[in-house]
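Me: I should like to take a close look at a single part of this protein, and to see how that part fits into its surroundings. Please guide me through it in one connected account.

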Amino acid sequence: MDFNIDNLWVLQVGGQEVWITRTILNTWIIMAFLIVAAIVINVLLRNPSSTPKGLQNAMEMIVEVFDGMLKTAIDPGIMYVGNWYFSVFAFILVSNFSGVLGFRPPTADWATTFALAMATLILIQVVGIRHRKGEYIKEFFSPNFVFFPLNLIGELARPISLSFRLFGNILGGMILMTLVYSLAPIFVRIFFPVFLHAIFDIFFGALQTYIFCVISLTFVGAAAGVVSGNAE
Amino acid sequence: MQDPLAFIIAVSHIASAIALLNGFLVAIGQARIASAAIESMARQPEASDSIRGAMFISLGMAETGGIYGLLISFVMLFANPLVQIYLQNR
């Protein structure tokens with residue numbers, strides 16, 4: 001029974017210790033999987049046909065569903081953030097599903113989810129300043145300049161709540177699965193965990209991925225405001 | 001007190017159980033969100049797509065409170081800071 005993130009190697013980089021943990025190893029495995037899948041799909045779909053079928057049909061369906069999700073959350077003028085969020089969506093989905101194969105999901109480490117949520121925070125500021133400029137900065141001092149610390153704390157609480165939501169769900173599922181595997185009698189361990197994997201890894205994993213992306217997109221969309229007028 | 005370490009561990013376990021009690025209120029809140037969403041879907045079936053999206057966002061928001069309690073309970077059980085403070089000052 002081991003819930004900790006074990007340390008695999010320690011590298012010495014310029015006098016600093018760099019720990020290669022299981023999270024980093026699994027992240028690199030998932031990244032390799034995603035990159036190989038992207039290259040394979042790109043090669044297979046080199047000549048797209050106008051009547052999609054098979055793999056092309058599936059890919060177009062995924063992109064269409066994701067575009068529909070984007071259109072409900074953000075303004076058409078800032079659709080360019082969709083590229084980043086599709087990568088985030090694919091990465092979180094694959095890492096949540098990797099628990100089925102016995103990996104420790106990288107999203108069950110707060111460092112991963114906090115990094116993703118910090119990226120969202122930076123994106124909120126960049127998009128807000130790019131599309132609304134002074135008006136966005138003025139919002140920090142509304143309704144009065146005395147409220148600036150309060151607004152700042154409210155802004156900084158966003159990545160924390162975003163990251164803890166994903167982290168807590170995946171960690172809770174992982175700890176429950178580990179408890180079942182290590183404490184349950186041997187005949188329970190053979191067939192019963194399939195249902196738990198279906199609930200905690202597949203269902204909650206997909207739902208939390210969706211919620212992470214939709215809430216991030218809502219924040220980004222709210223920061224940008226209405227920009228359809230000067231869309232490219 | 002015979003063994004302070006045993007006392008600290010026992011209190012931490014009780015605290016982790018209390019921290020999980022906030023799931024009670026979170027469940028009530030999520031049930032209210034879901035029932036309101038289903039009601040409005042039944043009233044306006046053509047708007048059910050946008051209602052479903054809003055429902056998932058609000059469910060996720062409401063769930064955060066429960067997750068905080070879960071994390072505090074995990075910290076109390078598996079990474080207890082009080083035990084480490086006691087072991088350092090012994």
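Which pattern does chain A follow when it is read along the sequence? Once that is settled, please examine helix α2 of chain A: which of its residues are buried, and which exposed residues does the face turned away from them carry?

Reply: The model under discussion is a predicted one. Read along the sequence, chain A follows the pattern β-β-α-α-α-α-α-α-α-α, and it has eight helices and two strands. Its C-alpha trace spans about 60 × 55 × 40 Å along the principal axes. Of the 232 residues of chain A, 36% count as buried. Among contacts between residues at least 6 apart in sequence, 67% join residues at least 24 apart.

We may now turn to the helix itself. Helix α2 of chain A comprises residues 55-73, which is 19 residues. From its first C-alpha to its last it reaches 28 Å, close to the 27 Å expected at 1.5 Å a residue.

The two sides of the helix can be described in turn. The buried residues of α2(A) are Gln56(A), Phe66(A), Met69(A) and Leu70(A). Because these residues cover an arc of only 160° around the axis, they are on the same side of α2(A). What covers them includes α3 (82-97) and α8 (193-224) of chain A. The face turned away from this buried side carries the exposed residues Met61(A), Glu64(A), Val65(A), Lys71(A) and Thr72(A).

Glu64(A) serves as an example from that face. This residue is found in helix α2 of chain A and has a relative accessible area of 58%; it is therefore exposed, since the term applies to values over 50%. The C-alpha atoms of Glu64(A) and Ser87(A) are separated by 15 Å, with their positions 23 residues apart along the chain.

Helix α2 also takes part in the largest pocket. That pocket has a volume of about 870 Å³ and is lined by 30 residues. The elements that give two or more residues to its lining are α1 (22-44), α2 and α3 of chain A. The largest share, ten residues, comes from α3(A). Leu34(A), Ala37(A), Phe86(A), Ala90(A) and Val94(A) are the lining residues that lie nearest the centre of the pocket. By class, the lining has 24 nonpolar, four polar and two charged residues.

For contrast with Glu64(A), consider a residue in another helix. Gly128(A) lies in helix α4 of chain A and is buried, with a relative accessible area of 0%. The C-alpha atoms of Gly128(A) and Val220(A) are separated by 7.6 Å, although these residues are 92 residues apart along the chain. If residues up to four places away in sequence are not counted, Gly128(A) touches Lys133(A), Tyr136(A) and Ala223(A).

One of these contacts, Lys133(A), has a backbone feature worth noting. Lys133(A) has its place in the loop between α4 (110-132) and α5 of chain A, and is exposed, with a relative accessible area of 53%. Its phi is near 50°, a positive value in a residue other than glycine. A further backbone feature is the cis peptide bond that joins Ser142(A) and Pro143(A), with omega about 0°. Pro143(A) is found in the loop between α5 (134-138) and α6 (148-183) of chain A. Both features merit attention because most residues other than glycine have a negative phi, and most peptide bonds are trans.

Terms used
Residues numbered from 1 in each chain as written. Chains lettered and ligands numbered in written order. Predicted model: local features only at pLDDT ≥ 70, side-chain atom pairs only at ≥ 80, totals over all residues. Heavy atoms only, no water. Helix = DSSP H or I, 4+ residues; strand = E, 2+ residues; numbered from the N terminus. Expected span 1.5 Å × (residues − 1). Buried < 20%, exposed > 50% of the residue type's maximum accessible area, 1.4 Å probe, protein only. Arc of directions from axis to C-beta. Contact = heavy atoms within 4.5 Å. 1 Å grid on protein atoms, 1.4 Å probe; cavity = no way out; pocket = protein on both sides within 12 Å on 5 of 7 lines; lining within 4 Å. Points joined across faces, edges and corners; volume = space filled by probe spheres on them. Nonpolar A, V, L, I, M, F, W, Y, C, P; charged D, E, K, R; others polar.
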